Amino acid sequence: MKKLILDLILKKNIRLNEQVHLLIFSSEQSLPKILPGQFVQVKIDDSPATFLRRPFSVNFVDGENNELWLLIQIVGAGTLKLSETSPGASVNMILPLGNSFTFPDKKDEKILLVGGGSGIAPLLFWGSCLRKADFNPEFLIGARSRAYLVELKEFEKYGKVFITTEDGSEGEKGFVTDHSIFKERKFDRIYSCGPTPMMKAVGAYAIKNNTFCEVSLENTMGCGIGACLCCVTDTTAGRVCVCTEGTVFNIAKLKW
Amino acid sequence: MVDLKVDIGKLHLKNPVMTASGTFGYGMEYSDFIDISRIGGIIVKGTTLRKREGNPYPRMKETASGMLNAVGLQNKGIDYFIEHIYPQLTNVDTNIIVNVSGSTIDEYVKTAEKLNYLEKIPAIELNISCPNVKEGGMLFGTSCTAANEVVDKVRRVYKNVLIVKLSPNVTDISEIAKAVEDAGADAISLINTVLGMAIDAETRKPCLSTVTGGLSGPAIKPLALRMVWETARAVKIPVIGMGGIMNAADAIEFMLAGASAVEVGTANFIDPTVTIKIIEGIEDYLCRHGFSSVSEIVGALETL
Ligand SMILES: Cc1cc2nc3c(=O)[nH]c(=O)nc-3n(C[C@H](O)[C@H](O)[C@H](O)COP(=O)(O)O)c2cc1C
Ligand code: FES
């Protein structure tokens, strides 16, 4: 897939909670084809603290309106600047980058998408693509507390949503892997994105139960295009770049 | 039309802008964005005799106006390069230069020797300045005797243009430069990254798996410029300058300080088209100032 450098226009900046903003961008020219699980490299500005581009998973693509959504969790200077961007501003991005999630084979497969924190971002787009292709994904979303649960209404458009919160303020109390769904049901495919300990726990469950499982890694990146070799992870095929060989990896290939 | 051509010994560049090793992959990574044959030269990833996995993750930390890296020369080895990568590069219409590294003199020599026979590789850049490997690397670039010895041994076997890349992690760069010139280098390039470190106060841990790493980007530009100026005054062979070049003005400053050509590194990560903008910016500068050839600005620094 040809990579492009595009200036997108910020249409809406929606504050979902004190830490998370949903940014909806549109483009004058039509957006290239973007696959579920792919990411973009966003230029922040030329200030000393936000010098390199920042990678963000594509949260959603609205083909009809030529819109691209990014879910921004404020973790540092770059994400803070981005969250303060006003509608109308132009933001430079390199896209589309990385590989994508693998579609299931059969329409009746039991599919679970497990997300936590800002890791839920790619799962909305992936869930929408699965639904569009006549699969029936279900979602399990974990957060610290009710206030940190975002985009639930969006997820509900594409499948049933299960919830865990660490303080029990919504859904079941505990971590995603504590959810009763794992005891009561069996899945054919699990896809996950979120904090590494969460993905490791989900991966361990999948391996124990011999379930197909893909995770999307969020390694620190220098270039996002396979040139700097800064983003590596260890796999059965050696040390590889997450930005080109991933960000999506089958759990069986990762040396976790 | 101004003349952008420069010669580094027998190496002919269509313009003075090259890409710095380790920041431009093998060139192909950028071909979606620009016509890479417009660049004066592409210096590919650091290559060693044997395959290297490099250092464990995390290997990169952004710092104020720069970044620290500790990649540690991850590459598949010279034989893999010759067999699988070189054939893909032969139809790129610009100079492809291989950055050669090693842990021992013998490894440098054997790797350089193999590159003699590749028709489309007109030059190598001997990296005696990598701060991110345990053995060799920077050690060869921080002592005059060691630098002289490794360059001398490689010179005996390598017939094409030999560029030697120096480390800024020394007290007197001009002494090292002279030792390298005496050993028969055709040109000197500098600077490699500056040894640095970053700490996460919250976790009380270092940010890189190797604790220390190499600093690059605009943060190191004043230091690089000073070292290029000192080196250009100390040696007769051409000097290639780099360190924090982000735009045409930066590149021109390096040339005024005495660099015959420049390399652009970290800037490629932020703007994959930056090399082309720099080439066009230099051309524009020469026109505006009434120069007919880029060689006229090399070392043209005036006094206050
Ligand atoms: C990620 C990264 C990898 C690098 N790898 C190499 C290498 O393999 N060999 C080498 O001689 N220099 C390497 N360098 C150093 C650059 O070629 C260059 O000397 C340095 O980054 C300064 O230039 P800049 O500030 O324009 O990036 C690397 C730099 C970076 C940032
Ligand atoms: S971020 Fe540069 S190679 Fe992956």
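Me: Where in chain A is the place of Thr247(A), and how should I read the backbone there?

Reply: Most residues other than glycine have a negative phi, and most peptide bonds are trans. In this predicted model, Thr247(A) is placed in the loop between α6 and β16 (248-250) of chain A, and the peptide bond that leads from Gly246(A) to Thr247(A) is cis, with omega near 15°.

Me: Which residues of chain B does a cis peptide bond join?

Reply: Tyr57(B) and Pro58(B) are joined by a cis peptide bond, for which omega is about -5°, and Pro58(B) belongs to the loop between β4 and β5 of chain B.

Me: What is the sign of phi at Asn210(A), positive or negative?

Reply: The value is positive, as phi of Asn210(A) is near 55° in a residue other than glycine; Asn210(A) is found in the loop between α5 and β13 (212-216) of chain A.

Me: Let us turn to the empty space. How many cavities of 30 Å³ or more does the structure hold?

Reply: Rolling a probe the size of a water molecule over the atoms shows where empty space is left. Here the structure holds one cavity of 30 Å³ or more, and the volume of the largest cavity is about 540 Å³. Its lining is made up of 38 residues, of which Ser21(B), Gly22(B), Thr23(B), Asn69(B) and Thr193(B) are the closest to the centre. In chain B, β4 (41-47), β6 (66-69), β16 (261-264) and α8 (267-270) each supply at least two residues of that lining, which by class has 17 nonpolar, 18 polar and three charged residues.

Me: What takes the space of the largest cavity?

Reply: The largest cavity is the space taken by ligand 1, and ligand 1 lies between chains A and B. It is surrounded by 22 residues, the closest being Ser21(B), Lys165(B), Gly217(B), Gly244(B) and Thr266(B); by class, this shell has six nonpolar, 15 polar and one charged residues.

Me: Which side-chain and backbone atoms lie at short listed distances from an oxygen atom of ligand 1?

Reply: From the side chains, a polar atom of Asn99(B) lies 2.9 Å from an oxygen atom of ligand 1, and a polar atom of Asn192(B) lies 3.5 Å from an oxygen atom of the ligand. From the backbone, a polar atom of Gly265(B) is 3.0 Å from an oxygen atom of ligand 1. The protein covers 95% of the 610 Å² of accessible area that ligand 1 has on its own.

Me: How much space lies in the largest pocket, and which residues lie nearest its centre?

Reply: The largest pocket holds about 1,300 Å³ of space, and among its 37 lining residues Pro55(A), Val75(A), Glu218(A), Asn219(A) and Thr220(A) lie nearest the centre. Two or more residues of the lining come from each of β4 (54-57), β6 (67-73), α1 (77-83) and α5 (196-208) of chain A, together with β5 (60-63) of chain B. With four residues, β4(A) gives the most to this lining, whose residues divide into 19 nonpolar, twelve polar and six charged.

Me: What is the volume of the second largest pocket, and how do the residues of its lining divide?

Reply: The second largest pocket has a volume of about 690 Å³, and of the 27 residues that line it, Leu229(A), Glu245(A), Tyr26(B), Lys45(B) and Lys76(B) are the closest to its centre. The elements that give two or more residues to this lining are β15 (238-241) and α6 (242-245) of chain A, together with α1 (78-89) of chain B. By class, the lining of the second largest pocket divides into nine nonpolar, eight polar and ten charged residues.

Note on methods
Residues numbered from 1 in each chain as written. Chains lettered and ligands numbered in written order. Predicted model: local features only at pLDDT ≥ 70, side-chain atom pairs only at ≥ 80, totals over all residues. Heavy atoms only, no water. Near = heavy atom within 4 Å. Polar contact = N/O pair within 3.5 Å; in protein donor to acceptor, adjacent residues only side chain to side chain. Areas by Shrake-Rupley, 256 points an atom, 1.4 Å probe, with all protein chains shown as cover. 1 Å grid on protein atoms, 1.4 Å probe; cavity = no way out; pocket = protein on both sides within 12 Å on 5 of 7 lines; lining within 4 Å. Sits in = over half its atoms within 2 Å of the grid points. Nonpolar A, V, L, I, M, F, W, Y, C, P; charged D, E, K, R; others polar. Points joined across faces, edges and corners; volume = space filled by probe spheres on them.
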